[in-house]
Amino acid sequence: MGKIKLSCLLFLAAGLLAQEPAQKPAGAEQAALPVKVIKVVIDPGHGGKDGGAVGSNGTREKDIVFEIANLLAKKLVDAPEQRFKAILTRAEDKFITLEDRISFANQYEGDLFISLHANSSESNRDSGFEVYYNSIATDDSAIELAKRENAGAVEKKDSLPADSMFVLWDLAQNEFQKESMEFADKIQAGVESSFTKHVAEGKTQSLRNRGVKQASFAVLRGVRMPAVLVESAYLSNFNDETNLRSPEFKEKLVSGLFEAINNMAKKFDKQMEGAK
Amino acid sequence: MKRPSKPLIFVISIISFMLGAFAVKYIIAVRKDSLFNYAAEQKKIKLYFVNRDGKLQAEKREIQGATSVLEDVKICVAELVKGPVGKELYGTFPKETYLREAYLDDNRCIYLDFSKSILNNQNGGTTGEMQLIYSLVDTLLENFGQIASVRILVEGQEVTTIGGHLDVNRPLRGKKLE
């Protein structure tokens, strides 16, 4: 009987101790809370047997984007207050399927996903950087219809039966579309600002800003977090290829990307404050 | 009985003429987009290639048409793969690519089954891939009213991407490249 009483007392004491933190003043608890650590999944495009685009001087997309990815990861990890965690979808020159990249990002439960690429065009005049986010409306007719629907100009209609499964699949990921668009805008602004400062400092390297665009990318389909694809510059353009080989150029690009990620982190902080 | 006035006859004649012209135009358009009564005749087609600014630009060409839409599609794609005649334009397909077969479904979606060489586009970044896909899609939608969308197969199988970027496992429609 005495043993039972002792057990009950111990149980009650444990219960009181467990409640103790909840009874602390609200201000003291807030001060003790660490800032949310933002997990960034960096996806260096291509790899292994898939070299991606190749420049006229032999620069390979898979190598360039791997270098940029590592620079960005280092910058994130070195940020003050251990604000960021960075993880790469490939740690070496290895072929990884797009499905595995998506699955990896989702399992890691990242907060942001950024796929890094270098572009190429049939015309060697094309140059500059551009940022893409996934969109349901990818073709001109669909984009036009979406705009008109949003403006209330036309009644929303069901899609053609042949397209319905694709639209449903896209809608499932639409949850992050707005934030992906915002992330893309911040990257565009960050990189633009980084290179504007660079040119103002008297450096000759510049990067044409081709803007934020939307398209249906396989590697962004099914990613359960705000996700973008960055085309850093054109390997098919002589100046862009030369720039991509330059460490200074890559550093500027990474600074712009970091600024954008940092701005997204601030936005997440505000959201958390608002939720309290 | 009072005879109709001259201005009234004139107005009726004009209206009849306009209605007749619309009817003829409509019949020609319907016949052109029809899957049946398809005439094997010389046809003027527009093929989309990439210009120096990286945009898609049409080049006109004359072909000897066949007796079905699908045969004409094959001829059209073969011409597209051959590349442009104009010096200021660039082709988008690897030269060794060929169309194995073409099928049209009830939703007017055309399935194009390509040889695996379509995947060998070494220079293909996102923009290059977009140029390839939409030079094909825009060409087919421009020349064949019977086609509403395009799906790409490789060696009889569905593929996710052509060059590791854009998702092509869906019906594709026209796009102007920015």
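Arg108(B) lies in the loop between β4 and β5 of chain B, and that makes a handy place to start a walk through this predicted model. Arg108(B) is not a glycine, yet it has a positive phi of about 60°. The hairpin that β4(B) and β5(B) form has four residues between the strands. How buried or exposed is Arg108(B)? With 17 other C-beta atoms within 10 Å, Arg108(B) is partly exposed.

**The four-stranded sheet of chain B**

From that hairpin we can step into the sheet around it. The order of this open sheet of four strands is β4-β5-β6-β7 (chain B), and its pairing is mixed. At the edges stand β4 (99–104) and β7 (157–158) of chain B; each has a single partner strand, so one side of each is left without a neighbour in the sheet.

How many bridges join β4(B) to β5 of chain B? There are five, and the two strands run antiparallel, with β5 covering residues 109–114. Helix α2 (residues 69–82) of chain B packs on this sheet, where it touches β4 and β5 of chain B. The direction of α2 makes about 140° with that of β4(B).

Two residue pairs help you find the register by eye. Leu99(B) stands opposite Phe114(B) in β5(B), while Tyr103(B) has Tyr111(B) of β5(B) as its bridge partner. Tyr103(B) itself belongs to strand β4 of chain B. Tyr103(B) is exposed, because 12 other C-beta atoms lie within 10 Å, and a residue counts as exposed at 12 or fewer. Glu71(B) is 32 residues away from Tyr103(B) along the chain, and their C-alpha atoms are separated by 10 Å.

**The three-stranded sheet of chain B**

Chain B also holds an open sheet of three strands, in the order β2-β1-β3 (chain B), with antiparallel pairing. Which strands stand at the edges here? They are β2 (56–64) and β3 (89–90) of chain B, each with a single partner strand, so one side of each is left without a neighbour in the sheet. Strand β1 (residues 42–51) of chain B pairs with β3(B) in the antiparallel sense over two bridges. Asn51(B) finds its bridge partner in β3(B) at Leu89(B). Lying across β1 and β2 of chain B is helix α3 (residues 126–143) of chain B, which runs at about 155° to β1(B).

**Chain B as a whole**

Stepping back, chain B has three helices and seven strands. Read from the N terminus on, its elements run α-β-β-α-β-β-β-α-β-β. Chain B has 178 residues, of which 34% count as buried. Among its contacts with a separation of 6 or more, 62% are between residues 24 or more positions apart. The domain assignment splits chain B into domain 1 (1–32) and domain 2 (41–178), and the centres of these two domains, taken over C-alpha atoms, are 41 Å apart.

**Chain A and the nonpolar core**

Now for chain A. Helix α9 (residues 247–275) of chain A has 29 residues and reaches 42 Å from its first C-alpha to its last, close to the 42 Å expected at 1.5 Å a residue. Its buried residues include Phe249(A), Leu253(A), Phe258(A), Ile261(A) and Met264(A).

Which residues touch the most other members of the largest nonpolar core? Of its 93 residues, these are Val40(A), Val228(A) and Ile133(B). The largest share of this core, nine residues, comes from α9(A). Leaving aside neighbours within four places in sequence, Val228(A) is in contact with eight residues' worth of chain A listed here by name: Ile114(A), Val131(A), Tyr132(A), Tyr133(A), Ser180(A), Phe183(A), Ala184(A) and Ile187(A).One of these contacts, Ala184(A), also serves as a yardstick for Asn243(A): the two are 59 residues apart in sequence and 22 Å apart in space, C-alpha to C-alpha. Asn243(A) sits in helix α8 (residues 238–245) of chain A.

His46(A) is found in the loop between β1 (38–44) and α3 (61–77) of chain A. Although it is not a glycine, His46(A) has a positive phi of about 65°.

The surroundings of four residues from this tour are set out below.

| Residue | Other C-beta atoms within 10 Å | Class |
|---|---|---|
| His46(A) | 26 | buried |
| Asn243(A) | 22 | buried |
| Arg108(B) | 17 | partly exposed |
| Tyr103(B) | 12 | exposed |

Methods: Residues are numbered from 1 along each chain as its sequence is written. Chains are lettered from A and ligands numbered from 1 in the order in which they are written. This is a predicted model: local features need pLDDT of at least 70, side-chain atom pairs count only at pLDDT 80 or more; totals for chains, interfaces and linings use all residues. Two strands pair if DSSP finds at least two bridges between them. Two residues are in contact if their C-beta atoms, placed from the backbone, lie within 7 Å. Axes are lines fitted to C-alpha atoms, for helices over the stretch in contact, and angles run from 0 to 180 degrees between N-to-C directions. A residue is buried if 20 or more other C-beta atoms lie within 10 Å of its own, exposed if 12 or fewer, and partly exposed in between; C-beta atoms are placed from the backbone. The expected span of a helix is 1.5 Å times one less than its number of residues. Domain bounds come from an automatic or database domain assignment. A nonpolar core is a set of buried Ala, Val, Leu, Ile, Met, Phe, Trp, Tyr and Cys residues joined through C-beta atoms within 7 Å.
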